[in-house]
Amino acid sequence: MSAPLRIAVHGAAGRMGRRVIALATADKKIEVVAAIEHDQHNLLGTDAGELAGIGAIDVPLSSKWPSDADVVIDFSLPEAIDRCIDKCVSHNTSLVLATTGMTDEQVERLRDAADKIPVVWAPSMSLAVNLSMKVAQQITEKLMSVPGGLDVEIIERHHRFKADAPSGTALKFGDMIAEKLGDDTKHVHGREGHTGKRTQNEIGYHAVRVGDNPGEHTIVFGMLGERIELNVAASNRDCYAGGSLAAAKWLSGRSAGMYDMFDVLEM
Ligand SMILES: NC(=O)C1=CN([C@@H]2O[C@H](COP(=O)(O)OP(=O)(O)OC[C@H]3O[C@@H](n4cnc5c(N)ncnc54)[C@H](O)[C@@H]3O)[C@@H](O)[C@H]2O)C=CC1
Ligand SMILES: O=C(O)C1=N[C@H](C(=O)O)C[C@H](O)C1
């Protein structure tokens with residue numbers, strides 16, 4: 001049997017980090033070698049397995065960067081991303097980057113890094129979400145020329161703790177639909193006041209923050225006389241955590257480059 005893939009989890013004490021550690025520990029082909037957090041975290045030194053609710057795994061939460069990881073799986077915050085990218089490049093470690101809400105400069109930094117190391121970057125690691133993105137493009141292609149016109153609106157629902165809006169996934173749905181609709185597509189975030197008539201070349205985004213919802217996206221394709229609503233909803237976070245582990249395994253042995261979940265899932 002080949003040696004297990006050594007992963008480090010960045011943002012290890014977070015909602016996602018804990019699920020990644022739990023699922024990774026249950027997988028014989030993976031070894032968790034580091035659980036990284038910021039240097040002010042009040043749980044530094046705590047066993048990451050205990051934190052994840054699976055019992056001790058002998059990996060303490062630490063702010064030190066590991067030297068023995070094959071892949072870093074990141075679910076953290078935009079303010080933590082620059083260091084994460086730079087450390088992965090300097091240690092020649094592959095990176096699965098799942099954090100959303102990055103600035104344009106950070107995306108540029110990530111693209112530069114992908115010239116040197118293999119990177120999977122996707123706002124959703126979920127199989128169902130990525131498949132829905134492809135379906136959304138197909139629906140758009142079929143309906144964009146219907147008589148009377150097509151209105152596309154994206155409604156996303158997430159837990160009250162989410163820091164960014166709209167979700168990275170909603171933005172990606174919008175970009176992929178806009179690829180089909182054309183270059184003059186406008187992205188409209190919410191509506192208020194005397195907005196006037198809806199134009200035909202816009203995509204509307206609406207971010208709902210409620211309770212503990214782990215992520216739900218509804219794409220409304222409205223026409224005159226009928227509509228389609230494409231809904232994809234997580235009931236827990238394991239769809240994302242499991243997807244990130246699949247991405248980490250897929251990266252093993254790859255050359256430097258920027259990849260996404262469509263590459264991993266062969267879609
Ligand atoms: N691509 C995907 O499939 C998914 C992406 N996400 C994204 O992942 C990110 C994290 O989500 P959650 O786990 O819900 O958030 P969270 O707030 O529970 O966890 C973030 C963790 O990052 C840690 N952190 C902050 N600064 C750090 C630093 N400098 N170094 C290391 N760790 C640091 C925080 O202490 C915290 O434990 C968000 O951007 C979210 O949108 C969430 C779910 C799925
Ligand atoms: O913050 C979350 O929880 C999620 N964030 C991602 C996003 O912004 O698209 C993915 C998922 O919807 C959960």
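**Cores, ligand shells and annotated residues**

Setting aside neighbours up to four places away in sequence, Ile7 contacts Ala24, Ile30, Val32, Val33, Ala69, Asp70, Val71, Ile73 and Ala248. The model is a predicted one. Ile7 also belongs to the largest nonpolar core, which has 54 residues; together with Val9, Ile21, Ala35 and Val96, Ile7 is among those that touch the most other members. The greatest contribution to this core, 8 residues, is made by helix α7, residues 238-251. In soluble globular proteins, nonpolar side chains tend to be buried together.

Helix α7 is mostly covered, with 10 of its 14 residues buried. Those buried are Cys239, Tyr240, Ala241, Gly243, Ser244, Leu245, Ala247, Ala248, Trp250 and Leu251. One of them, Ala248, is in the contact list of Ile7. The length of α7 can be checked against its residue count: at 1.5 Å a residue, 14 residues should span 20 Å, and the end C-alpha atoms are 20 Å apart, so the two agree. Just after the helix, Gly253 has a positive phi of about 80 degrees.

A second core, of 15 residues, lies apart from the largest one and includes Ala136, Ile177, Ile203 and Val232. Ile177 is also one of the buried residues of α6, the others being Thr169, Ala170, Leu171, Lys172, Phe173 and Gly174. These buried residues pack against helix α5 (127-143) and the strands β7, β8 (186-189), β9 (202-209) and β10 (216-222). Helix α6 has 14 residues, and its first and last C-alpha atoms are 20 Å apart, close to the 20 Å expected at 1.5 Å a residue. Gly182, just after α6, takes a positive phi of about 125 degrees.

Two ligands come next. Around ligand 1 there are 24 residues, of which Gly11, Gly14, Met16, Ala80 and Ala98 come nearest. Helix α1 (residues 15-25) supplies the largest share of this shell, 3 residues. By class, the shell around ligand 1 holds 11 nonpolar, 11 polar and 2 charged residues.

The shell around ligand 2 consists of Thr100, Pro123, Ser124, His158, Lys162, Ser167, Gly168, Thr169 and Gly215. Its division is 1 nonpolar, 7 polar and 1 charged. Thr169 is also listed among the buried residues of α6.

His158 and Lys162, both in the shell around ligand 2, carry the feature "active site" in an unreviewed UniProt entry. His158 lies in strand β7, residues 151-158, and is buried because 25 other C-beta atoms lie within 10 Å, where the cut-off is 20 or more. Beyond four places in sequence, His158 touches Ser167, Arg209, Asn213 and Gly215; Ser167 and Gly215 also appear around ligand 2. Lys162 sits in the loop between β7 and α6 (168-181). Lys162 counts as partly exposed because it has 19 C-beta neighbours inside 10 Å.

The last residue to consider is Asp68, in the loop between β3 (61-62) and β4 (71-74). It has 11 C-beta neighbours inside 10 Å and therefore counts as exposed, the limit for that class being 12 or fewer. Outside its neighbours within four places in sequence, Asp68 is in contact with Arg6 and Val33. Asp68 and Val33 are 35 residues apart in sequence, yet their C-alpha atoms are 7.4 Å apart in space. Val33 leads back to the start, as one of the contacts of Ile7.

Definitions and conventions
Residues numbered from 1 in each chain as written. Chains lettered and ligands numbered in written order. Predicted model: local features only at pLDDT ≥ 70, side-chain atom pairs only at ≥ 80, totals over all residues. Core = buried A, V, L, I, M, F, W, Y, C linked by C-beta atoms within 7 Å. Helix = DSSP H or I, 4+ residues; strand = E, 2+ residues; numbered from the N terminus. Contact = placed C-beta atoms within 7 Å. Expected span 1.5 Å × (residues − 1). Near = placed C-beta within 6 Å. Nonpolar A, V, L, I, M, F, W, Y, C, P; charged D, E, K, R; others polar. UniProt positions renumbered as here; feature names shortened; annotations may be inferred.
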